[in-house]
Amino acid sequence: MASPSTSKKSKPKAQKDVPWSVLVLDDPVNLMGYVTMVLKRVFGYNEERAATLMLEVHTTGRSVVWTGAKEKAEFYVQQLHSWQLKSTMEKAV
Amino acid sequence: MNVIPTLEGGLSIQPETEADWMVLETIASDIGRPAHLAESLADLMDKESDWEELVVPDLEQNFNVQCRFVQAAIEDARKNNGQAVFIKAHDAEKWYGAINQARLSLQARYDLHGVEDFEDAPAELRSAHFRDRFYLTLQGLLLEYVMGESE
């Protein structure tokens with residue numbers, strides 16, 4: 001699957017350098033074990049880290065699962081969408 | 001309907017009645033239009049991200065592949081042996097994805113998790129609920145016995 005950022009125009013460096021957070025949002029369909037598995041596969045997290053993030057999604061409705069460069073954040077959200085998880089990104093505070 | 005793990009690390013779904021086959025065939029019709037899921041995920045993104053243009057077509061294609069694969073596997077199984085649908089380990093993600101699409105679609109259409117009592121619910125809603133529970137069971141078995149994750 002092609003990166004979603006390949007055909008984008010370049011932005012000023014200062015704006016590019018702002019870190020972005022990838023969020024996973026809770027939904028009533030995706031199973032907890034599945035969400036944990038996806039976090040392990042997409043981000044390479046170990047079982048404990050992935051399960052902690054999954055539980056945060058389950059209990060608070062959302063979790064910041066990764067923070068970093070915008071282009072990579074877009075790539076991760078694309079991956080999470082392909083696994084059918086509700087996911088989005090926002091500028092990190 | 002019986003669903004049992006196979007020695008090769010997959011699952012065997014063994015429909016026993018015409019109704020069992022119909023439930024399996026309903027997976028594809030419950031999915032409806034795979035593009036809808038891709039579009040609803042894109043709605044979570046900022047409009048400036050051009051997600052609709054850059055990502056949705058790939059997602060839609062991916063979801064369509066899952067749906068068509070499962071639909072064909074069920075049709076072939078019914079036509080060729082009429083006894084079992086085999087899910088091989090390397091096809092498990094396609095099956096899980098298609099079933100997940102069906103459950104997400106049912107949730108979007110009927111808000112099943114917002115319903116507290118199905119006893120007195122309309123027949124269509126109860127039917128959707130039972131299909132969702134069946135799909136959920138299949139997903140649990142796929143995760144536990146084929147994809148190496150327990151719920």
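**Exercise 1. Find how S1(B) and S2(B) pair, and follow the sheet outwards from there.**

Solution. Start with the pair itself: S1(B) and S2(B) run antiparallel and share 4 bridges. Here, strands (E, at least two residues) and helices (H or I, at least four residues) are DSSP runs numbered from the N terminus, and two strands pair if DSSP finds at least two bridges between them. This is a predicted model, in which local features need pLDDT of at least 70 and side-chain atom pairs count only at pLDDT 80 or more, while totals for chains, interfaces and linings use all residues. Residues are numbered from 1 along each chain as its sequence is written, chains are lettered from A and ligands numbered from 1 in the order in which they are written, and side-chain values use heavy atoms, with hydrogens and water left out.

Next, pick out a bridge: B:Val3 has B:Ile13 of S2(B) as its partner. In the hairpin, 5 residues lie between the strands, and B:Gly9 takes a positive phi near 90°.

Now add the third strand. S2 (residues 11-14) of chain B also pairs with S3(B), in the antiparallel sense over 3 bridges; B:Leu11 has its bridge partner, B:Ile87, in S3(B).

Finally, assemble the whole: the 3 strands form an open antiparallel sheet in the order S1-S2-S3 (chain B). S1 (2-5) and S3 (85-87) of chain B each have a single partner strand, so one side of each is left without a neighbour in the sheet. Neighbouring strands are turned by 20° against each other on average, direction ignored (axes are lines fitted to C-alpha atoms, for helices over the stretch in contact, and angles run from 0 to 180 degrees between N-to-C directions).

**Exercise 2. Work out the strand order in chain A, then locate a salt bridge between its strands.**

Solution. Begin with the order: 3 strands make an open sheet, S2-S1-S3 (chain A), with antiparallel pairing. S2 and S3 of chain A are the edge strands, each with a single partner, so one side of each has no neighbour in the sheet. The twist from one strand to the next averages 30°.

Then look at one pairing. S1 (residues 20-25) of chain A meets S2(A) in the antiparallel sense over 6 bridges, and A:Val24 has A:Ser63 of S2(A) as its bridge partner.

Last, the side chains: A:Glu90 and A:Arg62 form a salt bridge (3.1 Å, N to O), that is, a side-chain nitrogen of Lys or Arg within 4 Å of a carboxyl oxygen of Asp or Glu. A:Glu90 lies in S3 (residues 87-91) and A:Arg62 in S2 (residues 62-68) of chain A, so the pair ties together parts that are 28 residues apart in sequence. Over all chains, the count comes to 10 salt bridges.

**Exercise 3. Check the length of H6(B) against the expected span.**

Solution. The rule is 1.5 Å times one less than the number of residues. With 24 residues, H6 (residues 123-146) of chain B should span 34 Å, and the end C-alpha atoms are 33 Å apart, which agrees. Just after H6(B), B:Gly148 takes a positive phi of about 75°.
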